[in-house]
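Please open the model in your viewer and keep the selection panel at hand. The tour goes one stop at a time, and each stop says what to select and what is there.

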4 protein chains.
Amino acid sequence: MINVMRLDLDDARILLEGGRAEAEKIGIPMCIAIVDESGNLIAFERMEGGKVTSTTIAIDKAYTAAAAKRATHEYGQVSQPGGPAYGINSAIGGRLMVVGGGLPVIIDGAVVGGIGVSSGTPAQDQQVAQAGLDHFLARAGK
Amino acid sequence: MINVMRLDLDDARILLEGGRAEAEKIGIPMCIAIVDESGNLIAFERMEGGKVTSTTIAIDKAYTAAAAKRATHEYGQVSQPGGPAYGINSAIGGRLMVVGGGLPVIIDGAVVGGIGVSSGTPAQDQQVAQAGLDHFLARAGK
Amino acid sequence: MINVMRLDLDDARILLEGGRAEAEKIGIPMCIAIVDESGNLIAFERMEGGKVTSTTIAIDKAYTAAAAKRATHEYGQVSQPGGPAYGINSAIGGRLMVVGGGLPVIIDGAVVGGIGVSSGTPAQDQQVAQAGLDHFLARAGK
Amino acid sequence: MINVMRLDLDDARILLEGGRAEAEKIGIPMCIAIVDESGNLIAFERMEGGKVTSTTIAIDKAYTAAAAKRATHEYGQVSQPGGPAYGINSAIGGRLMVVGGGLPVIIDGAVVGGIGVSSGTPAQDQQVAQAGLDHFLARAGK
């Protein structure tokens with residue numbers, strides 16, 4: 001039997017809050033999803049003007065980051081033509097996201113959840129995800 | 001061209017708040033999903049102890065209620081064996097939910113969104129969805 | 001609560017009409033799909049000789065253009081190997097189309113729907129979608 | 001942040017072992033799946049002669065039992081025509097199994113995983129799942 005550390009709903013709200021603040025600062029309404037360490041959804045918000053396609057994409061970025069323990073933009077690099085993970089993007093019915101904007105939430109070296117952001121450019125999505133993560137880690141004193 | 005009235009994120013949070021209060025009152029941790037009038041997700045929360053299966057089921061109950069403009073428990077009645085909508089439950093890849101817990105949000109006769117709840121019995125799910133709806137309508141002065 | 005402007009069925013028929021006229025002019029029978037601003041189908045026609053695969057593809061191009069507020073050929077550019085959105089094409093179960101032929105319908109700066117065309121080359125599909133859009137905008141006095 | 005107790009691979013092997021012994025005793029080759037408390041697969045074995053359809057069904061029974069915290073045969077009872085959960089069987093793309101053979105693994109009141117069995121009659125499947133569970137609980141001193 002093992003013990004697993006996992007985000008709770010309060011943690012998820014803090015991650016959302018940090019992401020939303022950054023999204024408002026750069027003026028891009030976003031879809032933001034928070035999942036637990038197994039990739040299952042805990043909380044989600046679509047800001048006014050967030051894209052409909054991004055509801056699914058944000059959730060799947062968070063899923064990928066947590067469940068594969070890897071930022072989605074890193075998958076973007078290794079899945080380029082000729083790369084070792086080329087073609088991985090269509091795995092799991094297309095849920096395996098290789099576009100930036102999904103980050104694992106890591107505490108003391110363990111993945112405890114994930115944040116996924118979508119509606120801006122991948123760079124903006126990643127920036128907002130990072131802001132949510134930074135806000136959470138600062139609050140957690142990490 | 002037509003104009004469509006739709007829940008915004010603030011509305012969604014009020015619906016979540018009302019549902020969550022009722023869930024806490026009856027002591028059943030729930031998954032609660034709020035969608036717009038087209039069935040697309042606006043906000044979601046899984047309370048501590050809400051079921052993993054219910055993440056999808058809550059979202060699909062809200063989708064069904066808003067997009068089909070009908071409470072899911074009403075579909076439960078007409079989809080019984082021999083009923084006119086028998087078998088509808090597996091439509092749309094199984095997203096068409098006929099189990100209670102999904103309610104359309106109706107303002108001035110127009111469906112503006114939906115709320116879907118899952119993790120308890122269907123009766124409890126419906127009760128929590130109704131509480132979210134009542135809380136929202138009271139706040140909106142309807 | 002917010003108000004959303006959306007194509008109605010009459011609008012959708014005008015978009016179809018404009019696309020069909022162009023398709024006949026260039027002699028390529030097309031599948032043409034019109035969706036609302038949330039990406040849900042309003043009208044569809046497969047001209048005699050339109051491809052069966054294109055029924056789904058035209059619908060998904062229209063969905064992508066409206067729900068992501070972006071022409072599908074623009075996704076084609078940013079999703080090339082090395083591009084920022086590389087790998088996005090398999091998102092949402094493969095519904096996120098990056099091949100030309102899907103255009104958002106924009107009125108006064110707001111996306112009110114989308115048109116998706118498939119059966120020709122992507123350049124022909126895009127040309128027919130644009131013709132549908134131009135015809136509609138001219139009729140709407142925009 | 002919360003802590004979650006979860007089956008590890010050694011536990012999963014013990015569950016498999018107990019189920020396999022019972023399957024051999026009754027002479028029915030089975031597919032047996034073990035998942036963690038979030039419903040994700042830890043271990044799986046198809047005994048010689050186990051059904052191909054049962055690979056998916058065993059996994060989905062284990063998933064349902066763990067992620068919904070409920071034995072699948074209990075869902076079978078409440079989802080009968082006229083029952084409160086009628087129609088639930090097609091939820092989550094049909095993964096929500098209401099046929100006997102899926103049991104949650106519960107330690108000290110907490111669901112830590114699930115076992116799903118398929119290839120015999122539902123009664124045989126349930127018997128084999130129960131045997132796996134009993135073997136595990138005996139070994140764990142519970």
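Before the first stop, one definition is needed: copies of a chain are superposed by least squares on the C-alpha atoms of residues with pLDDT of at least 70 in both. The pLDDT condition is there because this is a predicted model.

**First stop: chains A and D.** Select chain A together with chain D, and picture the turn that superposes chain A on chain D: a rotation of 178° with 0.1 Å of shift along its axis, which leaves an RMSD of 0.1 Å. Now select A:Val4, whose C-alpha lies 2.6 Å from the rotation axis and which, of the residues of chain A, comes closest to it. The same surface serves both copies, since 100% of the contact residues of chain A recur in chain D.

**Second stop: chains B and C.** Hide the earlier pair and select chain B with chain C, where a turn of 178° and a shift of 0.1 Å along the axis lay chain B on chain C with an RMSD of 0.1 Å. That is the relation of a two-fold axis. If you then select B:Val4, you have the residue whose C-alpha is nearest the axis in chain B, at 2.6 Å from it. The same surface serves both copies here, and 100% of the contact residues of chain B recur in chain C.

**Third stop: chain A alone.** Show chain A as a cartoon, and you can look for five helices and five strands, which follow the pattern β-α-β-β-α-α-α-β-β-α when read along the sequence. Turn the chain slowly: its C-alpha atoms fill a box of roughly 45 × 40 × 20 Å, taken along the principal axes. A compact globule with 142 residues would have a radius of gyration near 14 Å, and chain A, with 14 Å, agrees with that.

**Last stop: two helices of chain D.** Select residues 9-26 of chain D, which form helix H1, and residues 122-139 of chain D, which form helix H5; their axes come within 7 Å and cross at roughly 135°. H1(D) and H5(D) are therefore oblique to each other, and their crossing is right-handed. To see the contact, show side chains on both helices: among the residues that make it are D:Ile14, D:Leu15 and D:Glu22 of H1(D), and D:Val128, D:Leu133 and D:Phe136 of H5(D). How do the residues of this contact divide into nonpolar, polar and charged? Colour them by type and count eight nonpolar, six polar and four charged residues in the contact of H1(D) with H5(D).

Terms used: Residues numbered from 1 in each chain as written. Chains lettered and ligands numbered in written order. Predicted model: local features only at pLDDT ≥ 70, side-chain atom pairs only at ≥ 80, totals over all residues. Heavy atoms only, no water. Contact = heavy atoms within 4.5 Å. Axes fitted to C-alpha atoms, helices over the stretch in contact; angles between N-to-C directions. Helix = DSSP H or I, 4+ residues; strand = E, 2+ residues; numbered from the N terminus. Parallel < 35°, antiparallel > 145°, perpendicular 65-115°, else oblique. Left-handed = near helix turned anticlockwise from the far one by under 90°. Nonpolar A, V, L, I, M, F, W, Y, C, P; charged D, E, K, R; others polar. Rg over C-alpha atoms; globule rule 2.2 N^0.38 Å.
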